[in-house]
Amino acid sequence: MTPAIKPLIPVLNYPPELLLQAQGIKVAFLDVDGVLTDGGLYFSEQGETLKRFNTLDGHGLKLLMQAGITPVVITGRDSLPLRKRLTALGITHATFGTEDKLPAAERYLHSLGLDWSQAAAMGDDWPDLPVMQHAAFACAPANAHAQALAIAQHITSQRGGDGAARAFCDLLLVAGGHYAKLLARMTSHVQP
């Protein structure tokens, strides 16, 4: 006898006012160092920059794309490991090596035919503040700088590089009504 498959039931709960703030998002701007990574900079003996990425964050970004929310990475640094990670995730919208992130975000909004009312942003430090200020919904990881924490509408309990971006993605998916549908899709792939 085949054991019964337990149903997958959404377990995430957010305050209704937070979900209202995060509704209608079509594009999510993310920083890298301190958001998609722990913010530490590791250098090999040859001087190469090494980065540690969290697979939970990566899967969250893939889920955003499946839900029709475009992830956009805008970062002050550039490295081959970062480019390889974004390519592996299928993220095609990225700007590297810029501290002036607002013009880059505005270019993406224009090219995607969107406006700030449809944008969310996750950042952790001063270069991210202008994008966070303009976005309809701003989020920061638990270990962000005080200025980023002060303007964020939501602060994740996770630290950057340790699932903070996934928590941001999950919130956007729940607010947009996508989370349960994506979870149900996962259930439909389970074979008895």
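**Exercise 1.** Which residues have the most contacts inside the largest nonpolar core, and how many residues does this core have?

*Solution.* The model is a predicted one. Its largest nonpolar core has 34 residues. Those with the most contacts inside this core are Leu30, Leu61, Leu64, Phe137, Phe168 and Leu172. Next, assign the core to elements: at least two of its residues come from each of α1 (16-21), β1 (27-30), α2 (55-66), α3 (80-89), β6 (119-122), β7 (137-140), α7 (164-175) and α8 (179-188). The largest share, eight residues, is supplied by α7. Apart from this core lies another, of 21 residues, including Val27, Val72, Ala121 and Ala135.

**Exercise 2.** List what phenylalanine 168 is in contact with, leaving aside neighbours within four places in sequence.

*Solution.* Take contact as heavy atoms within 4.5 Å. With those neighbours excluded, phenylalanine 168 is in contact with Ala28, Phe29 and Leu30, then with Ala120, Ala121 and Met122, and finally with Phe137, Cys139 and Thr156.

**Exercise 3.** Determine how the radius of gyration of the protein compares with the globule rule.

*Solution.* Start with the elements: the protein has eight helices and eight strands. For 192 residues the globule rule gives 16 Å, and the radius of gyration is 17 Å, close to that value, so the protein is as compact as a globular protein of that length. The C-alpha trace spans about 60 × 40 × 30 Å along its principal axes.

**Exercise 4.** State what share of the residues is buried and what supplies the exposed area.

*Solution.* With buried meaning under 20% relative accessible area, 44% of the 192 residues count as buried. The protein exposes about 10000 Å², of which carbon and sulfur atoms supply 55%.

Definitions and conventions. Residues numbered from 1 in each chain as written. Predicted model: local features only at pLDDT ≥ 70, side-chain atom pairs only at ≥ 80, totals over all residues. Heavy atoms only, no water. Helix = DSSP H or I, 4+ residues; strand = E, 2+ residues; numbered from the N terminus. Rg over C-alpha atoms; globule rule 2.2 N^0.38 Å. Buried < 20%, exposed > 50% of the residue type's maximum accessible area, 1.4 Å probe, protein only. Areas by Shrake-Rupley, 256 points an atom, 1.4 Å probe, with all protein chains shown as cover. Core = buried A, V, L, I, M, F, W, Y, C linked by side-chain atoms within 4.5 Å.
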